[in-house]
Amino acid sequence: MLRRWILSGVLASIAGTSMAQEDCGQTYVLKKGDTLLSVAQEYYQDRGKWSVIYYANEEALGGNLVDLPEGVTLDVPCIDGQKPIVAAMQAEEQPVVKDEEPVAKTEPVQTLQADPTPLLQDNADIKLLTGSNYAPFTQQDWLGGGMFTELVNASFESAPSPLPFSVTWENDWSKHLFPLLDEKKFDMGFPWIRPNCDADPKNERCVNFHFSEPVFEVLELLFAKADSKLGFYDDSDIHGASICRPTGYFIHDLEENGRLWLTNNLIDLVRADSPADCFKMLTDGKVDFVSANEFLGPSTIAEMGKTGAFKAMERALSTSSLHVVISKNHWRGTTNLYRFNAGLEKLKKTPRYSQIVDRHWKVFRDSLK
Amino acid sequence: MKNNAEVKDFGIYVVNNWSSHLDPLLTDAVMDLAYPWYKPDCKAMPDNWRCENLYFSEPMFEILVLLFTSKDRPIAFNSDKDMEGKTLCRPKGYFTHDLEGNGRLWLTKGLVKLVQPITMADCFEMLEEGKIDAVAINEFTGRTALKDLNLEGKVDIVQSRPLSIEGLHVVVGKSHPQAEEMLNLINAGLSGLKDSGDYQKIIDSHMTRIWESF
């Protein structure tokens, strides 16, 4: 197993990550009510692999992550050459598979290896800035420096005429945009959430920075008690419900896309001091749902020792995208942005993107144990 | 130049007839240095006139050359192949090496038709009339023209993929008696400017104004 992992990592980097996948995988026609999580659960028996499906079908889905267009045919690609299997077929072929256990036998995470970083060097042409305490995205002592760090590495490698880059870790995030990136002490920074610049063009991030194409989309999920009868299949299902989201977290998604949940008092938004406080209120029956992203939710539950006590709704509440940024005043502002975007676009078309994401999901899951 | 102790004084001459700059003003060493000039892909096109006759400094700035298309007639540009059979417009006097470099040879092989009227406004007029498929020009010149001509609602900028990335350089004629000294001078000055932070101040003041104006 160890050999296979190392080998696939090396192959991916040497072959420019263009392994043929055309004859591998399946197709699936979207039905009403399908979500990325439900399709991932059905074909990979693993909701965490939703992004593999999303990025294989980004164009067909027209950028929709929450409500998927009915009737669209999705490609469900192979992961590491492993054919996706629907639960029913899997039951015939492999009757011993237990529920929730991925079909592909999971390697112990200790054997997982980060991709090599041939372009990473000190004092390079492009100086990148990131920081820790943002696992599984960026964390210096995490495998490969985190999922996002690995995706950035791989994107730069896939760029046309690749340039060497350096990565600097500064754990005080409040210094990153202003002054370090604004004053060009570093060339590009990651990962950053893009504000809605169309609605808020004066936002200082919109005024001062170019944002790359989204590198990774994070799903904001609703968590309910495991025995809860409440469902979330469309927006009207939660009108009248109370939702806890910690103080300081964004709320724009509750108003956008015609929701106006707060303006029209359609939901009761409860703010607690921390994600854990929200889950305590959920346990005590003081709120109906907790809103947290797909990583923060499970890790909070695990830290509380409450694994199994809650369930996540399969329809996402919203998504936020994580980006690489560069100052608009940088002498290579748009050109470095393009170099990165072109590499990212190429990366998303290769299996390497999902291999990286998948690897970090495994490490993340393991960290919850 | 000011950063360089070896330079006692220098003069800047503004000559609006760009076509005279490289030849004869530089080749006859009437002038020592000229800017800003793009550098062709000299590895692929060593016999390009600029490659044969000029030395190029390190890039002073870097920009994207983008396609500007009509909102009514969008064109996809996902690979070089998408440009085959298309008609592009770029005013006379602007470089064309990006259409030839990186193995493209679009003009030599007749894969792409290039129309070269006198002004930017001519190009955008032809775009509106459907006579061309796209205006191919650097992002700043293009955006400025869109604003000046009040065409922002009618023209799309193809952001997914630039035609090319171009550095802007200072050049010196290879026939100049002190060509190499001059080149070293300008590169050392640029490097010193970057170290002192003055380079960034200059870029900042201009880029802030430019992005605000769009």
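This report walks through the domains, interfaces, cross-links and backbone details of a predicted model with chains A and B.

## How the chains are divided

Let us start with the layout of each chain. Chain A is assigned three domains: domain 1 covers 2–110, domain 2 combines 119–216 with 322–368, and domain 3 spans 218–319. Chain B is assigned domain 1, made of 18–61 and 166–213, and domain 2, which runs over 63–164.

Two centre-to-centre distances help to place these parts. In chain A, the C-alpha centres of domain 2 and domain 3 are 28 Å apart. In chain B, the C-alpha centres of domain 1 and domain 2 are separated by 25 Å.

## Where chain A meets chain B

Between the two chains, about 1,400 Å² is buried, and carbon and sulfur atoms account for 57% of that area. Chain A brings 13 residues to the contact and chain B brings 19. Which three residues of chain A supply more of its buried area than any other three? They are N329(A), W331(A) and Y338(A), which together give 51% of what chain A buries against chain B.

The polar side of this interface is worth a look too. Three salt bridges cross between chain A and chain B. One of the salt bridges in the model pairs the side chains of R339(A) and E62(B), with N and O at 3.0 Å. There are also nine residue pairs in polar contact between the chains, counting pairs with both residues at pLDDT 80 or more. On the chain A side, the element that gives the most is helix α10 (residues 333–348), with five residues. By class, the residues of chain A that touch chain B comprise six charged, five polar and two nonpolar.

## Inside chain A: domain 2 against domain 3

Within chain A, nine residues of domain 2 touch seven residues of domain 3. The two domains bury about 740 Å² between them, 79% of it on carbon and sulfur atoms. On the domain 2 side, the residues that lose the most area are W361(A), F364(A) and L368(A), with 51% of what that side buries.

How many salt bridges and polar pairs cross this interface? The rule finds zero salt bridges between domain 2 and domain 3 of chain A, and one residue pair in polar contact, with both residues at pLDDT 80 or more. Helix α11 (residues 351–368) of chain A provides the largest share of the domain 2 side, namely three residues. That side of domain 2 has eight nonpolar residues, one polar residue and no charged ones.

## Inside chain B: domain 1 against domain 2

In chain B, the contact between the domains takes 13 residues from domain 1 and 13 residues from domain 2. About 1,100 Å² is buried here, with 65% of the area on carbon and sulfur atoms. Zero salt bridges are found across this interface, while five residue pairs are in polar contact, both residues being at pLDDT 80 or more.

Helix α6 (residues 198–213) of chain B gives the largest share of the domain 1 side, four residues. The domain 1 side is made up of seven nonpolar, four charged and two polar residues.

## Salt bridges and disulfides

Over all chains, the model holds 30 salt bridges. One of the pairs is R365(A) with D46(A), whose closest N and O atoms are 2.7 Å apart. Because R365(A) sits in helix α11 of chain A and D46(A) in the loop between α2 (36–44) and α3 (50–56), this pair ties together parts that lie 319 residues apart in sequence.

The disulfide count comes to four over all chains. Among them is the link of C197(A) and C206(A), with sulfur atoms 2.0 Å apart. The C197(A)–C206(A) link is left-handed, with -85° about the S-S bond.

## Backbone details to check

Two cis peptide bonds deserve a note. A135(A) and P136(A) are joined by a cis bond with omega of about 5°, and P136(A) is in the loop between β3 (126–130) and α5 (147–158) of chain A. In chain B, the bond from Y35(B) to P36(B) is cis, with omega near -15°; P36(B) belongs to strand β1 (residues 34–38).

Finally, N265(A) has a positive phi, near 55°, in a residue other than glycine. N265(A) is placed in the loop between β8 (242–244) and β9 (268–270) of chain A.

Key:
Residues are numbered from 1 along each chain as its sequence is written. Chains are lettered from A and ligands numbered from 1 in the order in which they are written. This is a predicted model: local features need pLDDT of at least 70, side-chain atom pairs count only at pLDDT 80 or more; totals for chains, interfaces and linings use all residues. Side-chain values use heavy atoms; hydrogens and water are left out. Domain bounds come from an automatic or database domain assignment. Contact means heavy atoms within 4.5 Å. Buried area is the accessible area (1.4 Å probe) that two parts lose on being put together, summed over both. A salt bridge is a side-chain nitrogen of Lys or Arg within 4 Å of a carboxyl oxygen of Asp or Glu. A polar contact is a pair of N or O atoms within 3.5 Å; within protein, one must be able to donate a hydrogen and the other to accept it, and residues adjacent in sequence count only if both atoms are side-chain atoms. Helices (H or I, at least four residues) and strands (E, at least two) are DSSP runs, numbered from the N terminus. Ala, Val, Leu, Ile, Met, Phe, Trp, Tyr, Cys and Pro count as nonpolar, Asp, Glu, Lys and Arg as charged, and the others, Gly among them, as polar. A disulfide is a pair of cysteine sulfur atoms within 2.5 Å.
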